[in-house]
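I have a fresh page open and a structure to browse. Come and look over my shoulder while I jot down what I find.

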Amino acid sequence: IDTLYKDSKQPMNVRIRSLLDQMTLKEKIGQMAQHDHLQATPEIMRDYSVGSLLSGSGFGPPKGDIRATANDWVDMVNDYQKGSLSSRLGIPMLYAIDSVHGHNNLYKATIFPHNVGLGATRDPELVKKIGAATAIETRATGIPFAFSPCIAVCRDPRWGRCYESYSEDHKIVEQMTDIILGLQGEIPPHSRKGVPFIGGKDKVVACAKHFVGDGGTIQGIDENNTVIGWNELLNIHMPGYYHSIIKGVATVMISYSSWNGEKMHANQDLVTRYLKNTLNFRGFVISDYQGVDRMTYPWSSNYENSLLRAINAGIDMVMAPPNHTEFLNIMTSHVKNKLIPMSRIDDAVKRILRVKFSMGLFENPLADYSLVDQVGTQRHRDLAREAVRKSLVLLKNGKDAKKPLLPLPKKTSKILVAGSHANNLGLQCGGWTITWQGLNNNNLTSGTTILSAISTTVDPDTEIIYSRNPSAESLKANNYSYAIVVVGEPPYAEGAGDNLNLTIPEPGLSTMINVCKNIKCIVVLISGRPLVVEPYLPLMDALVAAWLPGSEGQGVADVLFGDYGFTGKLPRTWFKRVDQLPMNVGDEHYDPLFPFGFGLTT
Ligand SMILES: OC[C@@H]1[C@@H](O)[C@H](O)[C@@H](O)c2nc(CNc3ccccc3)cn21
């Protein structure tokens with residue numbers, strides 16, 4: 001074996017050439033697979049030269065242990081890596097996970113606000129710091145590759161993934177691609193722009209997703225069809241990719257959705273001609289999970305043909321192919337039958353190797369425990385708390401504008417805290433937290449609920465009464481100074497969150513109505529998107545959009561009680577009725593309840 005490729009002093013292209021020239025077809029195809037770790041073993045990694053593994057959300061080591069420690073993760077990742085290193089050429093594998101608002105799979109990790117809340121901060125510098133903290137907590141578990149950021153431009157809040165989108169306005173999404181500089185590291189001055197850059201052992205490979213137009217599907221139906229012209233695709237959904245590439249993003253994930261009826265996973269014009277040859281993307285393109293299977297309906301029918309079309313479209317790595325032997329056999333036969341040219345295989349493998357060489361994976365393939373004490377540190381939690389503060393949008397402050405209600409007095413006789421979301425960490429974190437769909441419970445990880453934040457913020461003499469759903473009698477019996485009512489959406493991810501009515505779910509709605517009918521009420525809405533509030537607005541004394549704040553609920557109390565002012569601005573239009581949708585800033589017919597950019601200050 002010519003070991004020139006192992007010499008880190010050699011130029012990148014020499015290392016790639018030296019390795020590629022001695023790889024068998026089987027080894028090249030192996031590099032193009034990213035298996036779910038549940039389907040792999042160290043032996044398979046060794047014998048098939050598998051390029052990458054992933055943990056689907058909620059499947060921690062060993063197999064589904066959602067309270068696994070960082071050490072457990074490091075051990076698991078290293079076991080697979082040792083398998084890869086014992087292969088003929090010893091090409092290290094890349095382990096990937098969805099760290100999309102902190103290392104959200106990891107028990108006791110810092111959970112940051114979901115992207116819609118970050119869009120409300122209008123603070124790219126803050127978001128870059130969040131990227132850096134997320135990279136550290138992800139690397140603490142030995143994982144060097146995060147499927148983040150989602151740079152979707154959500155144009156219809158009925159989409160179950162709208163909270164993963166920073167904004168309906170592509171200009172905010174472009175600004176927030178600064179998170180890549182936090183995740184992967186700042187590009188050193190005089191370094192080339194627009195090539196994959198990952199700077200250090202506390203940085204991760206990032207992934208701009210989902211290419212392209214994922215946020216533009218009809219009625220926000222997940223994985224469905226985006227029916228718009230080329231100019232709208234180019235002006236609204238594409239700029240985030242240009243900005244991500246300039247900032248050195250190393251990977252791009254393809255969207256399940258279609259553009260004008262053509263599956264993105266089969267779209268050679270957009271993936272190869274545009275992303276690779278026009279935007280000059282030099283990293284690697286990865287499919288979504290079983291994205292190849294989902295090119296047909298029923299899923300996986302005619303997988304051989306789907307795989308052929310996906311690879312020829314320009315996909316370099318396939319996430320969760322059926323299994324390692326089937327993937328190898330189908331790919332090998334396509335190459336032998338000249339249906340996939342060898343030049344396509346070589347392009348894919350070169351891109352994958354370029355990312356692995358540029359991040360130093362050959363030099364440092366194994367993880368250590370050196371960062372495990374960085375998980376959920378106070379420093380990271382303080383950063384998350386700052387992000388929560390800046391993400392809150394004050395939509396109403398008093399029934400009489402001349403008598404603002406907020407900031408609330410810390411010293412008062414008795415406060416009621418009510419609502420399903422007041423004391424539930426799972427609900428305030430939302431989807432993609434510990435499990436894929438999130439959890440409706442309070443002990444899924446560590447953090448501060450909004451109730452406990454309020455309790456520690458008010459004056460010690462102020463009495464706090466907590467009741468999820470107080471009776472009308474109890475409301476009348478107690479002379480509360482005011483009530484804080486925290487209600488909103490259940491956790492959801494992807495298609496499970498698609499919703500055509502966008503009403504405040506029960507029992508939150510009736511709780512809010514009962515409380516607000518009887519006493520002065522400040523409504524705090526925990527949701528991934530705007531919901532129907534217009535009919536109830538006259539009832540409310542104040543209304544705060546808190547989005548999905550994550551583990552640091554203290555940030556909510558910080559602003560409610562005036563330790564910090566409200567500064568957040570709507571990153572999305574707040575509609576009056578769902579029959580107005582889609583309705584985005586700049587539209588000809590624009591009749592919102594609260595316009596894009598709205599936000600009262602205190
Ligand atoms: O979790 C991997 C990817 C994720 O990065 C994409 O943004 C998202 O579109 C996506 N959807 C699935 C659906 N399947 C799934 C399987 C196991 C756990 C969670 C989701 C996986 N993934």
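Below are my notes, one stop at a time.

**Entry 1: how far to trust it**
I remind myself that this is a predicted model. I looked up the confidence values: the protein chain has a mean pLDDT of 97, and 100% of its residues reach 70 or more. The model also scores pTM 0.98 and ipTM 0.95.

**Entry 2: helix α14**
I went to helix α14, which covers residues 342–358. I tried a little sum: at 1.5 Å a residue, its 17 residues should span 24 Å, and the end C-alpha atoms are 24 Å apart, so the two values agree.

Next I asked myself how many of the 17 residues are buried. The count is twelve, so I wrote "mostly covered" beside α14, taking buried as under 20% relative accessible area. Among the buried ones I noted Ile345, Val349, Leu353 and Phe357. Charged residues are on that list too, including Arg344, Asp346 and Lys356.

Just past α14 I stopped at Gly360, where phi is positive at about 80°.

**Entry 3: two pockets**
I looked up the largest pocket and found about 310 Å³ of space in it. Its lining has 19 residues, and those nearest the centre are Asp98, Tyr289, Trp432, Trp436 and Glu494. I sorted the lining by type and got nine nonpolar, seven charged and three polar residues.

The second largest pocket holds about 260 Å³. Which helices each supply at least two residues of its lining? They are α14, my helix from the last entry, and α1, at 12–20. I could find Arg354 and Ser358 in the lining, along with Met12 and Asn13. Arg354 is also one of the buried residues of α14. The lining of this second pocket divides into five nonpolar, three polar and three charged residues.

**Entry 4: Val227 in its loop**
I found Val227 in the loop between β6 (225–226) and α9 (230–237). Is Val227 buried or exposed? Its relative accessibility is 52%, so Val227 counts as exposed, the cut-off being over 50%. I then looked for its contacts, leaving aside neighbours within four places in sequence, and noted Ile218 and Asn260. I also checked Ser258, which is 31 residues from Val227 along the chain; their C-alpha atoms are separated by 8.4 Å.

**Entry 5: two cis peptide bonds**
I noted a cis peptide bond between Phe211 and Val212, with omega at about -10°. Val212 sits in the loop between β5 (207–211) and β6. Another cis bond joins Leu581 to Pro582, and there omega is about -5°. Pro582 belongs to the segment after α20 (554–560).

**Entry 6: positive phi without glycine**
Ser49 is not a glycine, yet its phi is positive, near 50°. I located Ser49 in the loop between α3 (42–48) and β2 (52–55). With a relative accessible area of 6%, Ser49 is buried.

His190 also has a positive phi, about 70°, without being a glycine. I placed His190 in the loop between α8 (179–183) and β5. Its relative accessibility is 85%, so I marked His190 as exposed. I closed the notebook with the pair side by side: Ser49 buried, His190 exposed.

How values were computed:
Residues numbered from 1 in each chain as written. Predicted model: local features only at pLDDT ≥ 70, side-chain atom pairs only at ≥ 80, totals over all residues. Heavy atoms only, no water. Helix = DSSP H or I, 4+ residues; strand = E, 2+ residues; numbered from the N terminus. Expected span 1.5 Å × (residues − 1). Buried < 20%, exposed > 50% of the residue type's maximum accessible area, 1.4 Å probe, protein only. 1 Å grid on protein atoms, 1.4 Å probe; cavity = no way out; pocket = protein on both sides within 12 Å on 5 of 7 lines; lining within 4 Å. Points joined across faces, edges and corners; volume = space filled by probe spheres on them. Contact = heavy atoms within 4.5 Å. pLDDT = per-residue confidence, 0-100.
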